[in-house]
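Colleague: Could you take me on a close look at one part of this model, the parallel sheet and the ligand site? I'd love a connected walk through it.

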Amino acid sequence: SVTEAEAKPVNKPTLPDAQTVTSVRHWTDKLFSFRVTRPQSLRFRSGEFVMIGLMGEPDAKTGKAKPLLRAYSIASPSWDEELEFYSIKVQDGPLTSRLQHIEPGDEIILRPKPVGTLVHDALLPGKRLWLFATGTGIAPFASLLRDPQTFEDYDEVILTHTCREVGELTYGAELIQSIKDDELLNELIGAENLAKLRYYPTTTREESPKMGRITDLMRSGEVFEDLGVEPISPDRDRAMVCGNLAFNLEIKEILEGFGLEEGANSDPKHYVVEKAFLD
Ligand code: A2P
């Protein structure tokens, strides 16, 4: 069940690069999202990540504490006045064992230097954009799917999200619902553009309407049949991939099998990949 915390009065920053937590939502016992204030000077491209974290424990010898930082995709769109992040909770994870307890009014450290490859600039123009995510790998796509450019650049946008359990799909399902229902987003992106969005959630360890790893569903052709679309081709299709390491490697091989080549900021091609954060 989802729990939501409301904002408390903002405290005075005390950390280097401090930002204040404005809201926290716990989606499952292993997943949460939170929003923080945005540094006024921070500009980023949808799909990029920043380093965020907390102060570490003081060193036993020197007594000095160093920041404990990890790469987190920004899940909010670039026009949003706050920043949103989506995270796992790892009980013995150096950062997330502590980060999972943040509350509105608390501070986190945020280095305002956005980078990453899951950006429109790293892809050649195409007709159809595939966004392939597992687990918290949906975060950069939560940003891209609220960016009007994503829909202006393509005729069709397909988000696939594979998780172990049904509850892990809720963040994405709510995101898609809000994109379709939210008045502000509708106005920003346009109803005709939103009609381009398709959503294909699957689970692997709990019963749901669509079971199986997206990689297997691509190899068998089932995903193309289900969506009623042609298989992937380099003339038409572009893809962004974000998930666990094994998934990234497997889907790369599948996409290359369809003739797609990996792009980068400096060398745009047919698909791009980034690892989802794991503490
Ligand atoms: P599975 O349950 O079959 O391992 P995780 O929570 O471990 O990060 O996994 C998130 C989702 O990614 C799970 O549904 C998992 O399926 C799936 N997954 C893990 N490895 C791969 C892979 N090599 N190819 C496709 N999907 C994968």
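Modeller: Happy to! Let's begin with the open sheet, where five strands pair in parallel in the order β10-β9-β8-β11-β12. Please keep in mind that this is a predicted model. The edges of the sheet are β10 (197-203) and β12 (271-275); each has a single partner strand, so one side of each is left without a neighbour in the sheet. From one strand to the next, the twist averages 10°.

Now zoom in on one pairing inside that order. Strand β8 (residues 128-134) runs parallel to β9, and seven bridges join them. One residue to find here is T134, whose bridge partner in β9 is T162.

T134 is also a good way into the ligand site, as it is listed among the closest of the 13 residues that surround the ligand, together with T204, R213, A246 and F247. Two elements give two or more residues to this shell: β9 (156-163), the strand we have just met, and α9 (245-257). Of the elements, α9 gives the most, with three residues. As for chemistry, the shell around the ligand divides into six polar, four charged and three nonpolar residues.

So, if you want a path to follow on screen, start at β8 and its bridges to β9, stop at T134 opposite its bridge partner T162, and then turn to the ligand, where A246 and F247 are among the closest residues. From there, α9 (245-257) is the next element of the shell to look at.

Terms used. Residues are numbered from 1 along each chain as its sequence is written. This is a predicted model: local features need pLDDT of at least 70, side-chain atom pairs count only at pLDDT 80 or more; totals for chains, interfaces and linings use all residues. A residue is near a molecule or strand if its C-beta atom, placed from the backbone, lies within 6 Å of it. Helices (H or I, at least four residues) and strands (E, at least two) are DSSP runs, numbered from the N terminus. Ala, Val, Leu, Ile, Met, Phe, Trp, Tyr, Cys and Pro count as nonpolar, Asp, Glu, Lys and Arg as charged, and the others, Gly among them, as polar. Two strands pair if DSSP finds at least two bridges between them. Axes are lines fitted to C-alpha atoms, for helices over the stretch in contact, and angles run from 0 to 180 degrees between N-to-C directions.
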